[in-house]
Amino acid sequence: MSAEKKKTPNYAALILARGGSKGIKLKNIKTLAGQPLIAWGLRAAIDSEEFTDVWVSTDHDEIAKIAKEWGAKIHRRSPHSSRDEASSIEAVHEFLNENQDVDAVALVQCTSPCLHPFHLQRASHMMKNLNYDSVFSVTRRHLFRWKEVDMNESTTSDNLNPAKRPRRQDWSGELYENGSFYFTRRDILLKGLFQGGKIGYCEMQPEYSVDIDTDIDWPIAEQRVIRFGYFGKTKPQGVKLVVFAADGVLMDNQINFIAEGEEFRSFNLSDSIGINMLKDRGVEVRIMTEEESVCHTKLATRLGVTIAVEPNSKLNLLNTWRKDLGLDWSQVAYMGRDIPDMECMKVVGIGGAPADAQHFIITTSKFVAKEAGGRGAAREFCDHLLVVIDKAQSAMEIRT
């Protein structure tokens, strides 16, 4: 008689995303580098492929909606675990009580947007294969600590001999929790601990160790994410086709008529620079519109790109273009604004939206610009795609 098959442990990734943040209002879904803050952690957790399920614990409908759109399951937090005074361990206990089959939890910090799948994979390996009971993230700092004393007292160092100050290169520094993630087995969590049993740590390099607490942290974090963040699974060849909707994206969403009845529209010159940069990298750029217009034709001629009128199904036309170029959907990017763009946004590898796009477009997008359509949104999307292309190129160089 064969031995009974061993049960695969249920590892749950959990992001706590309360709606009542005091430091930054609804910071969990505030846009950071074109995406909701919570999306960075969710994408890293999902793409790591280490978890039975990825969960978001929240008390807020909009956070729940966006989390679902990014592939998470939702745990509805009670008013008790959502109060300002509630601790993280209370929220985790509530989650465990409602999910009795979970064997271990990886608490992923929503405010650590430079997390990559390989960070989580490394910690998961320690838990699953090296028999650790808890593993948490740390970063190395080279800081000299001094004791806090009253004004009239003399302080002393905690980790330094002032007579033998080491050079940075001669001192390995110290490890500090950075709060990005905590992997912990169920029994230890139920004791009120995130670290217990056989404890291990995973060191994250300083460029990935980012934490957002106040508004002051936001612009710094955004620049770090643009440079060091995880932008998702991309093929080594990266983005090859970028399509822009004309109305509300490349042009503003207003139609103006002069006395003679002719219409005129507004276009941002910085958008043309971004589009030319994409073209210089070998990316095919095209425009799609629902109705014929002299303004659209002149714009396409000025940009030197193909334009097509499709009043019925933009998705069918986009699919034809994709097939003609021999691409899969991960190599296609699309920036849209309203209902006619929705189906295209759902299937492409990277969807973008101007700041004034309709809400359902914004929540579907993987990139949301700070500027409105016709006011530089397309340039922002181009800059974002160039970062993705550079990352894909680097990945290809490493593989070869």
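**Exercise 1. In this predicted model, find how strand S13 is joined to S14, and place the pair in its sheet.**

Step 1. Look at strand S13, residues 284-289: four bridges join S13 to S14, and the two run parallel.

Step 2. Pick out one of these pairings. Arginine 286 has threonine 306, in S14, as its bridge partner.

Step 3. Now widen the view. Six strands make up an open sheet with parallel pairing, and their order is S14-S13-S10-S15-S16-S17. Strand S14 (306-309) and strand S17 (367-368) are the edge strands, each pairing on one side only.

Step 4. Add a helix. Helix H10 (residues 314-324) lies across strand S10 (241-245), S13, S14 and strand S15 (332-335), and runs at about 160° to S13.

**Exercise 2. Work out whether serine 293 is buried or exposed.**

Step 1. Locate serine 293: the loop between S13 and helix H9 (294-303) holds this residue.

Step 2. Compare its relative accessible area with the cut-off. Buried means under 20%; serine 293 has 10%, so serine 293 is buried.

Step 3. Try a distance as well. Aspartate 328 is 35 residues from serine 293 along the chain, and their C-alpha atoms are separated by 30 Å.

**Exercise 3. Explore the largest nonpolar core and find which residues touch the most other members.**

Step 1. This core has 94 residues, and Ile38, Phe244 and Leu318 touch the most other members. Helix H13 (residues 377-399) gives the most to this core, with eight residues.

Step 2. Another core lies apart from this one; it has 17 residues, including Ala12, Leu16, Trp55 and Phe194.

Step 3. Zoom in on phenylalanine 244. Leaving out residues up to four places away in sequence, phenylalanine 244 touches several residues, among them Val285, Ile287, Met335 and Phe381.

Step 4. For background, nonpolar side chains in soluble globular proteins tend to be buried together.

**Exercise 4. Which residues of helix H2 are buried, and what do they pack against?**

Step 1. In helix H2 (residues 61-69), the buried residues include Ile63, Ala64, Ile66 and Ala67.

Step 2. Follow the buried residues of H2 outward: they pack against strand S3 (35-36), helix H1 (37-48), strand S4 (53-58), strand S5 (73-76) and helix H12 (359-364).

Step 3. Look past the helix end. Glycine 71 follows H2 and has a positive phi, near 100°.

**Exercise 5. Describe the whole protein chain.**

Step 1. The chain's secondary structure comes to 13 helices and 17 strands.

Step 2. Of its 400 residues, 49% are buried.

Step 3. The C-alpha trace spans about 80 × 70 × 50 Å along its principal axes.

Conventions. Residues are numbered from 1 along each chain as its sequence is written. Side-chain values use heavy atoms; hydrogens and water are left out. Two strands pair if DSSP finds at least two bridges between them. Contact means heavy atoms within 4.5 Å. Axes are lines fitted to C-alpha atoms, for helices over the stretch in contact, and angles run from 0 to 180 degrees between N-to-C directions. A nonpolar core is a set of buried Ala, Val, Leu, Ile, Met, Phe, Trp, Tyr and Cys residues joined through side-chain atoms within 4.5 Å. Buried means under 20% relative accessible area, exposed over 50%, partly exposed in between (1.4 Å probe, protein chains only).
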